[in-house]
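Hi,

Here is the structure I promised to pass on. Have a look at it first, and then read on for my notes.

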Amino acid sequence: MDTGILILRLLVGLLVAGHGVQKISSHLGGRGLEGGTEEFRADGFRGGALTALAAGGGQIGSGLLLASGFLTPLAATGAIGVMTVALTVKWHNGLWVQNDGYEYPLVLIGTAAALAATGPGAWSLDAALGLTPYPLWWTALVLASGVASGLLTRLVLHGQAPAAPQTVARGER
């Protein structure tokens, strides 16, 4: 079980961190801070470079914490928060990623919540420092705090409420 949790933590944590690196630099295929700023502005967010830096920094920090298994509830809360914002941006496109939907952010939210529920496993900094096990009730707190912080961010930094999902007729795209 610890091997599976380690693989999951590394995969999800490093992907979330890499996504943040792309927001603020030209590494990993990113378009630099200017490109991250443009992306947020195109999605209707205020704050310019500061928004891109906060999002990128939040993704890098929470991703690296998840990958290392350090302060896992905090890491999961951060990942859930930034991915909730991403979910709200893609909400109007429906679920599926091939339509630019929210499938991928939803998977990352679910995975971060699952890691909060299972804990980081034996091969983690939390375990090495004696911080585990975390009580199961933390999972509800992590999920609620992460989603709430993402929705609050959307409310404060975006000009309008997320649009309701639209259904696409078969054969249309």
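Before the count, one convention: helices (H or I, at least four residues) and strands (E, at least two) are DSSP runs, numbered from the N terminus. On that basis the protein has seven helices and zero strands, so the order from the N terminus on is simply α-α-α-α-α-α-α. Please keep in mind that this is a predicted model.

**Overall shape**

For 173 residues, a compact globule would have a radius of gyration near 16 Å, and the protein, at 16 Å, agrees with that. The C-alpha trace spans about 50 × 35 × 30 Å along its principal axes. As for contacts with a separation of 6 or more, 65% of them are between residues 24 or more positions apart.

On the surface side, 38% of the 173 residues count as buried. The accessible surface comes to about 9200 Å², and carbon and sulfur atoms own 68% of that. If you are thinking about charges, there are 9 positive and 9 negative side chains, and the centres of the two sets lie 4 Å apart.

**H4, H5 and what joins them**

Helix H4 covers residues 72-90. Its 19 residues should span 27 Å at 1.5 Å a residue, and the end C-alpha atoms are 26 Å apart, which agrees. H4 is also mostly covered, with 16 of its 19 residues buried.

Lys90 is in H4 and is partly exposed, with a relative accessible area of 24%. What does Lys90 touch once its neighbours within four places in sequence are left aside? The list is Asp100, Gly101, Tyr102 and Pro105.

Asp100 from that list sits in the loop between H4 and helix H5 (103-118). The backbone there deserves a look: Asp100 has a positive phi of about 60° although it is not a glycine. Its relative accessible area is 42%, so Asp100 counts as partly exposed.

On the other side of that loop is Glu103, which lies in H5. Glu103 is partly exposed, with a relative accessible area of 24%. Not counting residues up to four places away in sequence, Glu103 touches Leu95, Trp96, Val97 and Gln98. Lys90 and Glu103 are 13 residues apart along the chain, and their C-alpha atoms are separated by 8.9 Å.

H5 itself has 16 residues and reaches 22 Å from its first C-alpha to its last, close to the 22 Å expected at 1.5 Å a residue. Which residues of H5 are buried? They are Pro105, Leu108, Ile109, Thr111, Ala112, Ala113, Leu115 and Ala116. One general point helps when reading that list: an α-helix has 3.6 residues a turn, so residues three or four places apart point the same way. The buried residues of H5 pack against helix H1 (2-24), H3, H4 and H7. After H5 comes Gly119, whose phi is positive, near 90°.

**Other backbone spots**

Leu71 is another residue with a positive phi, about 50°, although it is not a glycine. You will find Leu71 in the loop between helix H3 (48-68) and H4. Leu71 is partly exposed, with a relative accessible area of 31%.

Where is there a cis peptide bond? Look at the bond from Thr132 to Pro133, with omega near 0°. Pro133 belongs to the loop between helix H6 (125-128) and helix H7 (137-157). As a distance check from H5, the C-alpha atoms of Glu103 and Pro133 are separated by 30 Å, and the two residues are 30 positions apart along the chain.

**A buried threonine in H2**

Last, Thr37 is in helix H2 (residues 32-42). Is Thr37 buried or exposed? The cut-off for buried is under 20% relative accessible area, so Thr37, at 8%, counts as buried. Leaving aside its neighbours within four places in sequence, Thr37 is in contact with Gly48, Ala49 and Ala52.

If you open the model, I would start with the stretch from Lys90 in H4 through Asp100 in the loop to Glu103 in H5, and then go to the cis bond before Pro133.

Cheers

Conventions:
Residues numbered from 1 in each chain as written. Predicted model: local features only at pLDDT ≥ 70, side-chain atom pairs only at ≥ 80, totals over all residues. Heavy atoms only, no water. Rg over C-alpha atoms; globule rule 2.2 N^0.38 Å. Buried < 20%, exposed > 50% of the residue type's maximum accessible area, 1.4 Å probe, protein only. Contact = heavy atoms within 4.5 Å. Areas by Shrake-Rupley, 256 points an atom, 1.4 Å probe, with all protein chains shown as cover. Lys, Arg positive; Asp, Glu negative; His and termini not counted. Charge placed at Lys NZ, Arg CZ, Asp CG, Glu CD. Expected span 1.5 Å × (residues − 1).
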